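Please read the following walk-through with the coordinates open. It goes from aromatic contacts to charged contacts and ends with one helix.

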Amino acid sequence: LRHDCSAAASALGPSATMGPPNEYEELSVEIGNKDLSWEKDDLLTYATTHHGIVKTSNGKIYDYRLDRVLRLGFFRIVSPVLKDGFVVMQALAVMGIAVGICSGLVALDEANVIEVDATLCAMADSVFNYFGALMGFLFGYYVFSAVAQADQCKNFGVGGYMGAGANLMMLTAGWFPESDAQTREFKREVLRLSLSIFALTCGEGAEKPKDEVISEVVARGLLTDSEAKAVKAAQGGHCNVPLIWIQEAYRKKFDMQADDPCVVVRMAKVETLTIQMRGGIGTILSLVSGWGLQPLPLVHMMSGLVKWQFFLLALKEGIAVAFMLEHMPPAAQVSQLTMSALIVFLTPIIFQSLLEVVAQIRNPFGDDWVDYPRLLFHKWVRDEFTTYLFTASEASPNIRVIKKLS
């Protein structure tokens, strides 16, 4: 993809049409000031932010260049954290604790109450390293298990739905290459219902109210009012309700071809692929819901260990600076004091940044900058499905190898 508005507009191409002009009533429903009609490409607007980063109209940023991510990723992770006043105040609090410990030790050493020596520094280092090793192990598990869940959601959840749906549409295109009105209407309805499943899932994943999500899906033309009532009445699994209708539509379509010996095999394939689509949606919802969260005791323990490690960091650096002030020459004090200040200030910010990453990637259907560009995904799926069902399928009678075999 190119990253300027004009090039992006040309890359999107004309609006997808699934029938001769004026055959279907054009959808033009507005929510606020945004046209969300599912057939229109203007529901996506590209805007260049900086090199390699593309922002879609639903406010999501998506990076298509891995090299750009590797170069800019650190700053893009830390910068949202720095905007949180709590994070900065936490770092300053750790520095304040270190300064307080250092001041107290220096005062006690000057009063000959205690001796700040190398043994005390070594003891502080050993305690810090002991808990640091424990927290490093648990913290690594905590972070990377969250990353693994995000990968599962994308690869097996979204990817599972998209892959099974694309396979179903590709087979449908080969089974029904006819361009008569009834066949085109069947294809269009199957396509619409397939896209409605993803739209419902995105809303459910974003933890929006069910009624609000269904109303938006209806406004986009992905569900009719009667279909919406059935989805709304579902007590559970409402995102997958359209799969039942897709399966029934294929069964009725195949009933019209009762003499075809391949009907049974084809219907079995439809059932297999619809089940795989349901599996992808189920994977998404299980990972982004409470069922997919990490154990709550682990979350509490990690939060407590991080705060405890911050205190040990302040203790270690406070003792080290006190020892430096009492026993090191002035020239050495400047460099070591600067290094200690940087360590005490930056370490809490880096740890908090990692925790923020876990919070952001836990649910990729939310509003964080790393979340999915949902409307862009909709366009990709819609255009691929449309290509199979109409562009490729209806061109097949004119393909040379097919002509020769006819």
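**Rings, charges and a helix**

Ring pairs join Trp175, Phe176, Phe186, Tyr250 and Phe254 into a cluster. The model in which they appear is predicted. One member of this cluster also has a charged neighbour: the charged end of Lys253 sits over the ring of Phe176, 5.4 Å from its centre. A second contact of this kind involves Lys187, whose charged end sits over the ring of Phe390 at 5.9 Å from the ring centre.

Across the structure there are 12 aromatic pairs. One of them is formed by Tyr130 and Phe131, in an edge-to-face arrangement with 5.2 Å from centre to centre and 90° between the planes. Tyr130 has a relative accessible area of 58% and is therefore exposed, the cut-off being over 50%. Phe131, with a relative accessible area of 23%, is partly exposed.

Charged side chains also pair with one another, and a search of the whole structure finds nine salt bridges. Among them is the one between Arg362 and Glu207, where the closest N and O atoms are 3.5 Å apart. Arg362 lies in the loop between helix H11 (330-361) and helix H12 (374-395), and Glu207 lies in the loop between helix H5 (181-205) and helix H6 (210-219), so this pair ties together parts that are 155 residues apart in sequence. Arg362 is partly exposed at 32% relative accessibility, while Glu207 is exposed, with a relative accessible area of 54%.

Asp260 forms a salt bridge with Arg266, with 3.2 Å between the closest N and O atoms. Asp260 is partly exposed, its relative accessible area being 24%.

Glu317 and Lys316 form another salt bridge, with the closest N and O atoms 2.7 Å apart. Glu317 has a relative accessible area of 7% and Lys316 one of 16%; both values are under 20%, so Glu317 counts as buried and Lys316 counts as buried. Elsewhere, salt bridges that share partners connect Glu189, Arg192 and Glu227 into one network.

The last stop is helix H3, residues 85-110. How far apart are its end C-alpha atoms? They are 37 Å apart; the 26 residues of H3, at 1.5 Å a residue, should span 38 Å, so the two values agree. The buried residues of H3 are Val87, Gln90, Ala91, Val94, Ala98, Ile101, Cys102, Leu105, Val106 and Asp109. Just after H3, Asn112 adopts a positive phi of about 60°.

How values were computed:
Residues numbered from 1 in each chain as written. Predicted model: local features only at pLDDT ≥ 70, side-chain atom pairs only at ≥ 80, totals over all residues. Heavy atoms only, no water. Helix = DSSP H or I, 4+ residues; strand = E, 2+ residues; numbered from the N terminus. Expected span 1.5 Å × (residues − 1). Buried < 20%, exposed > 50% of the residue type's maximum accessible area, 1.4 Å probe, protein only. Phe/Tyr/Trp six-rings, centres within 6.5 Å; stacked < 30°, edge-to-face > 60°. Lys NZ or Arg CZ within 6 Å of the ring centre and 35° of its normal. Salt bridge = Lys/Arg side-chain N within 4 Å of Asp/Glu carboxyl O.
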